[in-house]
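Subject: Structure for you to look at

Hello,

Here is the structure I promised to pass on. Please open it alongside this email, and my notes on what turned up follow below.

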Amino acid sequence: MVKILVVRLLPGGASVAVIPGILWLTPVRNTGVAFGLLAGLSPTVTVLAALTLFFVLFYNKGRRSGSRMERAGIALMAGGAAGNLLDRIRLGFVVDYLDLRAWPVFNLADVAIVLGAGALALALAREGRPPQFRR
């Protein structure tokens with residue numbers, strides 16, 4: 001919902017301070033991956049993102065036993081990846097809009113991916129062993 005409002009209300013190049021000196025809403029078209037790397041490879045990036053999401057969601061389905069935090073981390077990462085993938089399929093690029101001015105512009109899906117990766121890493125570190133898969 002925030003992304004739709006930002007795109008509709010802020011024309012290209014516009015930026016609005018939400019928390020002055022800290023956070024701005026600045027719509028940016030990201031045709032690459034994280035931080036705009038590999039820009040211009042959008043179809044390739046879309047296929048790789050779809051394959052990665054498919055792998056995370058379905059390859060180990062029913063084989064993985066994990067803690068609640070581990071499952072939440074995977075869910076956050078998959079949800080964020082799905083959100084960005086929908087942008088890529090629908091628009092041909094990802095709409096980024098959260099601007100801290102000291103960091104590349106990003107979106108809420110990116111936040112979910114990072115929080116999910118952190119939760120997963122923390123869950124695995126707490127276990128003190130590599131992930132275990134059922135046979």
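A word on terms before the pocket comes up: helices and strands here are DSSP runs, with helices (H or I) of at least four residues and strands (E) of at least two, numbered from the N terminus. Please also keep in mind that this is a predicted model.

With that in hand, the protein chain has four helices and three strands, arranged along the sequence as α-β-β-α-α-β-α. Of its 135 residues, 30% count as buried. Among the contacts with a separation of 6 or more, 64% are between residues 24 or more positions apart.

Now to the largest pocket, which holds about 680 Å³ of space. Its lining takes at least two residues from each of helix 2 (42-59), helix 3, strand 3 (94-99) and helix 4 (108-127). In total 28 residues line the pocket, and Val 33, Ala 34, Asn 84, Asp 110 and Ile 113 lie nearest its centre. By type, the lining consists of 21 nonpolar, four polar and three charged residues.

Helix 3 deserves a look of its own. It covers residues 68-91, 24 in number, and reaches 34 Å from its first C-alpha to its last, close to the 34 Å expected. Its buried residues are Glu 70, Gly 73, Ala 78, Gly 80, Asn 84, Leu 85, Asp 87 and Arg 88. After the helix comes Gly 92, with a positive phi near 90°.

Finally, the accessible surface of the protein chain is about 8,800 Å², with 70% of that belonging to carbon and sulfur atoms.

Best wishes

Terms used. Residues numbered from 1 in each chain as written. Predicted model: local features only at pLDDT ≥ 70, side-chain atom pairs only at ≥ 80, totals over all residues. Heavy atoms only, no water. Expected span 1.5 Å × (residues − 1). Buried < 20%, exposed > 50% of the residue type's maximum accessible area, 1.4 Å probe, protein only. 1 Å grid on protein atoms, 1.4 Å probe; cavity = no way out; pocket = protein on both sides within 12 Å on 5 of 7 lines; lining within 4 Å. Points joined across faces, edges and corners; volume = space filled by probe spheres on them. Nonpolar A, V, L, I, M, F, W, Y, C, P; charged D, E, K, R; others polar. Contact = heavy atoms within 4.5 Å. Areas by Shrake-Rupley, 256 points an atom, 1.4 Å probe, with all protein chains shown as cover.
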